[in-house]
There are 2 protein chains.
Amino acid sequence: GYSQLPRQTHGLSGAPEWPVVRGMIPDLSGKRAIDLGCGFGWVSRWMRENGAASVRGYDVSTNMIARARADTNDVAIDYVIADLETLELPEASCDFAFSSLTFHYVEDFARLSRTVHGALTAGSWFVFTIEHPIFMAATHPHWIEDEDGRKTWPVNRYAIEGERRTDWFAKGVVKHHRTMATTLNTLIEAGFSIRRVSEFAPSPEQIAVQPALAEELERPMMLIIAAQR
Amino acid sequence: GYSQLPRQTHGLSGAPEWPVVRGMIPDLSGKRAIDLGCGFGWVSRWMRENGAASVRGYDVSTNMIARARADTNDVAIDYVIADLETLELPEASCDFAFSSLTFHYVEDFARLSRTVHGALTAGSWFVFTIEHPIFMAATHPHWIEDEDGRKTWPVNRYAIEGERRTDWFAKGVVKHHRTMATTLNTLIEAGFSIRRVSEFAPSPEQIAVQPALAEELERPMMLIIAAQR
């Protein structure tokens, strides 16, 4: 199941995009950070090990928060059970916001963007990863082959935003497809400046070690955005 | 051939994305505008009709520039034959930069972005359309059907940037595929702020009038970016 995924059992070293994500995270020294959809707390702990003064992790899953608490021995990290659809955060209460592979489960991204913008101090960064809309858009998102036998990803319904149901570990998991333009414009309208965008692709070195990653060159699975208040 | 396309024969009214593009163009009153890849000059003339003090259109095609000159009766518009790969522009010499469906033919977009940035006065906007990388990426970019018979677009080689050859009106036309992230990061690195992004999709009203446009909901053909110096 989900908790046996490499990124869950091996933490950040099991997530091939992590070197890129890490490169988009600013210096955390003395910063108050939040981790939206913290899961088992891998990034929450990493942020503290990399200088953050304090970290608060939020997740809607009671089980994940329980496991995060069990795996953390640090009084400057706390974990809170919260639904990002209704989350409220105190104004100017943090200096860095992070989220990994969570926002595609959030229906009202505009509300959440405004909430995060309000919670951040001026100049603070907001870095997050989501499933890429190219990966999510189609009714049947799975590999096909083109006429040369090359691995190919189907795209349809790209402009038709809204629910996508998949059977990923559980039947009928609901994700919310948004175009890349909508994600960027929502951040801009909330007051953020877009600083860097990555559509994660593995490096030649990563492919040499793990040849299966080569298929990620065919289509992006993940979108990573660094924005600044 | 190319010159019989609706957008060439009917001008802006033949380009379904034009209402969106127009909405992303700032007030042009009194502005000195440039039109990079001006073709027959449709947008150059529109900009003058909408307040621009002067317009200079650039295109590499001698034939297009000849036709643009023949179709224009306005001493405040001039047309220049120029290759955007090597174009140089005087510093702070213009107040708005536009380009329509041209930059995917340009190999060195970073150089061009820096050139445009240098040519614009502080606060000036840069609005352009390009072929969307989802549309351009695959080796064989054409409609296929998914298992439900739905029109579907194939994506492969998305992360592999560089030449794409197509047989569009002429054999072996060379385009340069760049990911969406590269286009955005190149603008940001040149000094621009991203203000709005559109992956053009037709409105319900447009589809009612022209049902064939509905397929544009399946995958974006065009990317429109508004950036500001």
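Trainee: Is Ser113(B) buried or exposed?
Mentor: Buried: in this predicted model, Ser113(B) has a relative accessible area of 0%.

Trainee: Okay, and where is Ser113(B) found?
Mentor: Look at helix α5 of chain B, residues 109-119. Ser113(B) belongs to that helix.

Trainee: What does Ser113(B) touch, if I skip residues up to four places away in sequence?
Mentor: You'll find Thr186(B), Leu187(B), Ala190(B) and Phe192(B) around Ser113(B).

Trainee: Which residues make up helix α7 of chain B, and how do the axes of α5(B) and α7 sit?
Mentor: Helix α7 of chain B covers residues 180-190. The two axes come within 9 Å and cross at roughly 40°, so α5(B) and α7(B) are oblique to each other. The crossing of the pair is right-handed.

Trainee: Which residues make that contact?
Mentor: From α5(B) you have Phe109(B), Ala110(B), Ser113(B), Arg114(B) and His117(B). From α7(B) come Thr183(B), Thr186(B), Leu187(B) and Ala190(B).

Trainee: How do the residues of the contact of α5(B) with α7(B) divide into nonpolar, polar and charged?
Mentor: Four are nonpolar, four are polar and one is charged.

Trainee: How many residues of α5(B) are buried?
Mentor: Eight of its 11, so α5(B) is mostly covered. Among the buried ones are Leu112(B), Val116(B) and Gly118(B).

Trainee: And what do the buried residues of α5(B) pack against?
Mentor: They pack against α7 and also three strands of chain B: β1 (32-36), β4 (94-100) and β5 (120-131).

Trainee: How many of the residues of α7(B) are buried?
Mentor: Nine of the 11 are buried, so α7(B) is largely enclosed by the rest of the structure. The buried set includes Met180(B), Asn185(B) and Ile188(B).

Trainee: What follows α7(B)?
Mentor: Gly191(B) does, and its phi is positive, near 115°.

Trainee: Switching topic: how many disulfides are there over all chains?
Mentor: Zero. Remember, a disulfide is a covalent bond between the sulfur atoms of two cysteines.

Trainee: Why is there no bond for Cys38(A)?
Mentor: Because the closest cysteine sulfur, in Cys94(A), is 14 Å from the sulfur of Cys38(A), and that's too far for a bond. A disulfide would need the two sulfur atoms within 2.5 Å.

Trainee: Does Cys38(A) count as buried or exposed?
Mentor: Cys38(A) counts as buried, at 8% relative accessibility.

Trainee: What about Cys94(B): where is the nearest cysteine sulfur?
Mentor: In Cys38(B), 14 Å away, and Cys94(B) is in no disulfide. Cys94(B) has 2% relative accessibility, so it counts as buried.

Trainee: Over to chain A, then. Where is Ser124(A) found?
Mentor: In strand β5 of chain A, which spans residues 120-131. Ser124(A) is buried, with a relative accessible area of 5%.

Trainee: What is Ser124(A) in contact with, leaving aside neighbours within four places in sequence?
Mentor: The partners of Ser124(A) are Cys94(A), Asp95(A), Phe96(A), Ala227(A), Gln228(A) and Arg229(A).

Trainee: Last one: where is the place of Ala92(A)?
Mentor: Ala92(A) lies in the loop between β3 (77-81) and β4 (94-100) of chain A. Ala92(A) is partly exposed, at 39% relative accessible area.

Trainee: And what does Ala92(A) touch, not counting residues up to four places away in sequence?
Mentor: Arg32(A), Gly118(A), Ala119(A), Leu120(A) and Thr121(A). As for Lys171(A), it is 79 residues from Ala92(A) in sequence and 39 Å from Ala92(A) in space, C-alpha to C-alpha.

How values were computed
Residues are numbered from 1 along each chain as its sequence is written. Chains are lettered from A and ligands numbered from 1 in the order in which they are written. This is a predicted model: local features need pLDDT of at least 70, side-chain atom pairs count only at pLDDT 80 or more; totals for chains, interfaces and linings use all residues. Side-chain values use heavy atoms; hydrogens and water are left out. Helices (H or I, at least four residues) and strands (E, at least two) are DSSP runs, numbered from the N terminus. Buried means under 20% relative accessible area, exposed over 50%, partly exposed in between (1.4 Å probe, protein chains only). Contact means heavy atoms within 4.5 Å. Axes are lines fitted to C-alpha atoms, for helices over the stretch in contact, and angles run from 0 to 180 degrees between N-to-C directions. Angles under 35 degrees count as roughly parallel, over 145 as roughly antiparallel, 65 to 115 as roughly perpendicular and the rest as oblique. A crossing is left-handed if the near helix is turned anticlockwise from the far one by less than a right angle, and right-handed if clockwise. Ala, Val, Leu, Ile, Met, Phe, Trp, Tyr, Cys and Pro count as nonpolar, Asp, Glu, Lys and Arg as charged, and the others, Gly among them, as polar.
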